[in-house]
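Me: Hi! I'm new to this one and would like a friendly walk through it. Could you look at it with me?

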Amino acid sequence: TYCMGWFPLVAENCTRMDEYNYKTEVERESMPFNADYNKYSGGGYELKFRGHIDKLMLKLETLQNNSWINNQTRALIVEFSVYNAQVNLFGIIKIVAEFVGGGVNPYNRIEVIRLTRVMDFSGYVVTICELLFCVATFYYILNAIVSIKSLGFSEHFKDSWNVVDVFTIFFSILVIGLYVTKLLVVMTLTKAISRTQ
């Protein structure tokens, strides 16, 4: 944590700004990532673009005049997301300017994902297929349990197709678990987005 202009906190006339406070990746709810030259942790000094444009312009001018970006800066990272309601797609954009050897190396990463499903005809078809997949997985689990009870554990696994069935059941349960986890994470993030608007 520093005063404005990267002066230590014990300096006279110390003006505190949140942009000069280091935030960990936990505080920022961010993750480390690899750019072209370095790996960057999710922590750092951040400027949040929230509020009226006039206040943001004044803050940018203040930071520029007080060398917020200086020769100690390794990278400038701009992260934002957009949502297109017409096609139900989220865009996550990360633009990086790495300061290396007196120059700037640009890097960008753009990801487009669909987190929610539109419940039109195709959405209903996909939902029905997912439910049928769960029913089929449950049927295979019951079938394997009955087979193990009737044949015995060692006798059941002598047939290689039964081993394949067990692997199929395992991966099917894994897929269902990952899908449920994705749903829960999307619901949590959607609530967080609606809180911060």
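Me: Let's start with glutamate 19. Is it buried or exposed?

Reply: Happy to help! One thing to keep in mind is that this is a predicted model. Glutamate 19 is buried, with a relative accessible area of 5%.

Me: And where does glutamate 19 sit along the chain?

Reply: Glutamate 19 is found in the segment before H1.

Me: What is glutamate 19 in contact with, beyond its neighbours in sequence?

Reply: If we leave aside neighbours within four places in sequence, glutamate 19 contacts Tyr45, Glu46, Leu47, Lys59, Leu63 and Trp68.

Me: Which side chain does glutamate 19 meet in a salt bridge?

Reply: That would be lysine 59, at 3.1 Å from N to O. The pair links distant parts of the chain, since lysine 59 is in helix H2 (residues 53-65) and glutamate 19 is in the segment before H1, 40 residues apart. Lysine 59 is partly exposed, at 31% relative accessible area, whereas glutamate 19 is buried.

Me: How far is glutamate 19 from threonine 1?

Reply: In sequence they are 18 residues apart, and in space their C-alpha atoms are 9.2 Å apart.

Me: OK, back to salt bridges. How many are there?

Reply: The count comes to 8 salt bridges. One of them joins the side chains of aspartate 18 and lysine 23, at 3.2 Å from N to O. Aspartate 18 is partly exposed, with 45% relative accessible area, and lysine 23 counts as buried at 14%.

Me: What about glutamate 46, which lysine does it pair with?

Reply: Glutamate 46 forms a salt bridge with lysine 48, and their closest N and O atoms are 3.9 Å apart. Glutamate 46 is buried, at 15% relative accessible area; lysine 48 is partly exposed, at 44%. Through salt bridges that share partners, Arg28, Glu46, Lys48, Glu79 and Lys94 are joined into one network.

Me: Lysine 94 caught my eye. Which ring does lysine 94 lie over?

Reply: Lysine 94 lies over the face of phenylalanine 33, at 3.9 Å from the ring centre.

Me: Speaking of rings, how many aromatic pairs are there?

Reply: The whole structure has 10 aromatic pairs. Among them is tryptophan 6 with tyrosine 20, whose ring centres are 4.8 Å apart.

Me: Why is that pair called edge-to-face?

Reply: Because the planes of the tryptophan 6 and tyrosine 20 rings are at 75°, and planes over 60 degrees apart count as edge-to-face. Both residues lie in the segment before H1, 14 residues apart.

Me: Are those two buried or partly exposed?

Reply: Tryptophan 6 is partly exposed, at 21% relative accessible area. Tyrosine 20 is buried, at 0%. The two also belong to one aromatic cluster, formed by Tyr2, Trp6, Tyr20, Tyr22 and Tyr45.

Me: Changing topic: how many disulfides are there?

Reply: There is 1 disulfide. That disulfide joins cysteine 3 to cysteine 14, with 1.7 Å from S to S. With -95° about the S-S bond, the link is left-handed.

Me: What does that disulfide tie together?

Reply: Cysteine 3 and cysteine 14 both lie in the segment before helix H1 (25-28), so the pair ties together parts that are 11 residues apart in sequence. Cysteine 3 is buried, at 1% relative accessible area, and cysteine 14 is partly exposed, at 29%.

Me: Which cysteine sulfur is nearest to that of cysteine 129?

Reply: That of cysteine 134, 11 Å away, and cysteine 129 is in no disulfide. Cysteine 129 is partly exposed, with 45% relative accessible area. Cysteine 134 is in no disulfide either, and cysteine 134 is partly exposed too, at 33%.

Me: Last one, helix H3. What should it span, and what do its ends say?

Reply: The 31 residues of H3 (residues 121-151) should span 45 Å at 1.5 Å a residue, and the end C-alpha atoms are 45 Å apart, which agrees.

Me: Which residues of H3 are buried, and what follows the helix?

Reply: The buried residues of H3 are Gly123, Thr137, Ala144 and Ser147. After H3 comes glycine 152, whose phi is positive, near 95°.

Methods:
Residues numbered from 1 in each chain as written. Predicted model: local features only at pLDDT ≥ 70, side-chain atom pairs only at ≥ 80, totals over all residues. Heavy atoms only, no water. Disulfide = S-S within 2.5 Å. Helix = DSSP H or I, 4+ residues; strand = E, 2+ residues; numbered from the N terminus. Buried < 20%, exposed > 50% of the residue type's maximum accessible area, 1.4 Å probe, protein only. Phe/Tyr/Trp six-rings, centres within 6.5 Å; stacked < 30°, edge-to-face > 60°. Lys NZ or Arg CZ within 6 Å of the ring centre and 35° of its normal. Contact = heavy atoms within 4.5 Å. Expected span 1.5 Å × (residues − 1). Salt bridge = Lys/Arg side-chain N within 4 Å of Asp/Glu carboxyl O.
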